[in-house]
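Let's take a walk through this chain together, starting with the overall picture and then stopping at a few spots. Keep the structure open and click along as you read.

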Amino acid sequence: MALLGFAAAPALLLILGIVLAIIGSPWWLLLAGVGLALTAVAVVDYVQARNSILRNFPLLGHARFLLEEIRPMIQQYFIERNWDGKPFDRDARALIYSRSEGRPSVKSFGTELDVRQSGYEFLTHSVAPAPVADSEHRVRIGGPDCTQPYGASLFNISSMSYGALSANAVKAMGAGAAKGGFLHETGEGGLTHFHLDSGADIGWEFGSGYFGCRTLDGKFSPEEFRKKALLPQIKVITLKLSQGAKPGLGGVLPAPKVTEEIAQIRGVPAHQDCISPPSHSAFSTPRELMEFIGELRRLADGKPVGFKLCVGTRTDVLALCKAMLETGIRPDYILVDGAEGGTGAAPLEYQDHMGTPLTEGLLIVHEALVGAGLRDTIRIGAAGKVASGHDIVRRLIQGADFCLAARPMMMAVGCIQAQKCHTDRCPTGITTQNPRFSRGLDPVTKGERVFRYHRATVTEVVQLIATLGANGPHELHRSMLMRRISQTEVVSYAELHEWLRPGQLLTDPPPRWARDWERATADSFAGAHV
C-alpha cells in the first residue's frame, strides 16, 4: 500500500504526459508539473517522522485528513435527522433561518419527535384561549434601590464579546436590536463604539478581567466604570461570575484575535492571549459581592445592576441569598446561564461535564429566592439553547422572567454551525477577526435578519401564552408544562418538584433544603463543599 501511494499517482501522470507529448498535445506540461508536485509531496511524506500515517501511506494518507476535515459537514448535511443534530438540530436551525429571512416557519405532516420518550415536554392548551395581546409583554427590571428601571423584552441578545465576534457581527446584532427594541448584551470583552453607535439598548457586562473598567494592573477601576455606566445607551449592567461554556475557568481570547484595536478596548497587550481569571479580585465572599453590587449601582446613578452565573452548588446560591438578607443589598436581576450554553471555546471536559444545565439551575435560583422571600424584587433571566417560542414559554414557566440567546442570534446573522469559533476561520465571518471572512458579512442585511427573527419569535411567544389561556407571563403556572417521565406516566411541573413557599427557608426549611441552608454562610463560598 505504501508503494502504491508513493508511486502510483505520479507514475500514472508521467505515462499520460508521455502519451500527450508523443501526440503533440501541450497539456503534457501541466501533467508533468502535477506529477512532479505529487512526487515531491510523496517524498516528504515518506521521509518525515512526525506523522506515522503519512510515513506509511504517502499521498494516500492525506485522504484521511481530508475526510476528517469535512466529516462535520457530511454529518450535518446528509446524515443527521431533523431532530437529533447537536448542538442545535436541523429543525431548530431551519426555524431560525426561516424567521430571520421573513419566511413562514411551518411544517407539514405532524411531529417527528418521539412523544413517548421519557423527557418529552409539552404545553397544555386551554379550551378557551385568551385574546392575543396587541403588543409584546415587557419585563420591568429594577428593584427598590434602582432609580432607573428598564423595560426588557422577553427575548434578548445574550453575551458575546467583540473580539470573539467580528465588528460586522456586532454591528448587525446591534442594528437588529435597535430596530426591534430589545437588549444587546456586550459580553465581558468590553464596551465598544460598535455597540454604542448602533442605537440599541445595551446591557454592559464585565467579568473578572474588568475589561473597559480596569486599572493598569488588572484591578477594578471605579472611575473608568462610572464613565461608561453613565452613558445613556447603557440600560443594565451585568457582573459575570461564571458562564455556561466553562464555569469556574475564566476566559481566553486567543492571541490571533487580540488586535491592536481590541487590546486598546480591553486594556491589555496586543497579540497575546487575553485571559480572564477564574475569580474576581474585587470581592471574595457573598457579603463582599453584595456590597460590590451596591457600589456599582451607586456609581451608575441607580441603573439596574445584576450578576450572571452558571449554577454550581445549591449552597452557593443560598449563600448569596443570605448575603442579600444580611446586607439588605439585592441585585436587580440574576442571569442564569445553563451549562449547555456557550459560544466561547472550552475544553471538552468543561463543555460536557462541568456546571448545572439550565433547567436545574433555573429552578435552584428561582426556588432559593422564593424560599428566602426575595423573589418579588429580583428578576431572573435565562440563557442556554433558547431558540424558539416554546423554549421561551417553557423557561418562563420554570421560573424565568425573560430570556436571552447567543447562538440562535448568530444563526440569524448567518452562522452555519461550522463550530470553528475558536479558530479565527469562521466561514460566515461572525466569530473571526480575519478580514478575508468578516468582509462577507453585511451588517445592514444581517441586522434586518436579527430583527425579523426576534419579532417572529416574540410574536409566537405572545400567541402561545394566549393559547394557554393566560393574559400575560404573570398568569403562567406550572401545571401548564408537562413532562413524560416514563412510558406510562406524565406529570406537570407542579407535581414534578416540591416547590417552596415564599419565605419558607426562613421559618421552616424542608428536609431536602435544610442541610444546604444551614451550611450556607454570607461570609464564604466554601460551605458548598464542606
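One bit of vocabulary before we set off: a residue is called buried when its relative accessible area is under 20%, exposed when that value is over 50%, and partly exposed in between. With that in hand, Gly181 is easy to place: its relative accessible area is 27%, so Gly181 counts as partly exposed. Keep in mind throughout that this is a predicted model.

Now zoom out. The chain has 530 residues, and 50% of them count as buried. Its C-alpha atoms fill a box of roughly 95 × 60 × 50 Å along the principal axes, and the chain contains 20 helices and 15 strands. Take the contacts with a separation of 6 or more: 69% of them join residues 24 or more positions apart. As for the outside, the chain exposes about 24,400 Å², with carbon and sulfur atoms supplying 58% of that area. On the charge side, there are 55 positive and 53 negative side chains, and the centres of these two sets lie 4 Å apart.

Let's go back to Gly181. You'll find Gly181 in the loop between helix 6 (167-180) and strand 5 (183-185). Leaving out residues up to four places away in sequence, Gly181 touches Arg138 and Tyr150. Its C-alpha is 25 Å from that of Gly429, a residue 248 positions away along the chain.

Follow that contact over to Tyr150, which lies in strand 3 (residues 150-152). Is Tyr150 buried or exposed? Its relative accessibility is 7%, so Tyr150 counts as buried. Beyond residues up to four places away, the list of what Tyr150 touches includes Arg138, Val139, Arg140 and Ile141, along with Phe182, Leu183, Lys235, Val236 and Pro304. Asp337 is 187 residues from Tyr150 along the chain, and their C-alpha atoms are separated by 21 Å.

Next, the greasy part. The largest nonpolar core has 122 residues, and the members that touch the most others are Phe206, Phe225 and Met409. Take Phe206 as your way in: setting aside neighbours within four places in sequence, its contacts include Phe211, Phe220, Phe225, Ile237 and Leu239, and also Phe292 and Leu296.

Those last two, Phe292 and Leu296, are among the buried residues of helix 10, together with Pro286, Leu289, Met290, Ile293, Arg297 and Leu299. Helix 10 covers residues 286-299, and its 14 residues reach 20 Å from first C-alpha to last, close to the 20 Å expected at 1.5 Å a residue. What covers its buried residues? Among the elements doing so are strand 6 (201-206), helix 8 (222-229), strand 7 (234-240), strand 10 (305-309) and helix 11 (314-327). Just after helix 10 comes Asp301, with a positive phi of about 55°.

That phi deserves a short detour. Most residues other than glycine have a negative phi. His271 has a positive phi of about 60° although it is not a glycine, and Gln417 likewise has a positive phi of about 60°. Their surroundings are worth a look. His271 sits in the loop between helix 9 (260-266) and strand 9 (274-276), and because its relative accessible area is 52%, His271 counts as exposed. Gln417 is in the loop between helix 15 (407-413) and helix 16 (435-438), and Gln417 counts as buried because its relative accessibility is 8%.

Helix 15 also turns up at our next stop, helix 5 (residues 90-100). Helix 5 is mostly covered, with eight of its eleven residues buried. Leu95, Ile96 and Tyr97 are among them, and so are Arg93 and Arg99. The buried residues of helix 5 pack against helix 4, helix 14 (389-398), helix 15 and helix 17 (443-467). After helix 5 comes Gly102, whose phi is positive, near 80°.

Finish in helix 4 (residues 60-79), where you'll find Pro72. At 37% relative accessibility, Pro72 counts as partly exposed. Pro502 is 430 residues from Pro72 along the chain, and the C-alpha atoms of the two are separated by 48 Å.

Terms used
Residues numbered from 1 in each chain as written. Predicted model: local features only at pLDDT ≥ 70, side-chain atom pairs only at ≥ 80, totals over all residues. Heavy atoms only, no water. Core = buried A, V, L, I, M, F, W, Y, C linked by side-chain atoms within 4.5 Å. Buried < 20%, exposed > 50% of the residue type's maximum accessible area, 1.4 Å probe, protein only. Contact = heavy atoms within 4.5 Å. Helix = DSSP H or I, 4+ residues; strand = E, 2+ residues; numbered from the N terminus. Expected span 1.5 Å × (residues − 1). Areas by Shrake-Rupley, 256 points an atom, 1.4 Å probe, with all protein chains shown as cover. Lys, Arg positive; Asp, Glu negative; His and termini not counted. Charge placed at Lys NZ, Arg CZ, Asp CG, Glu CD.
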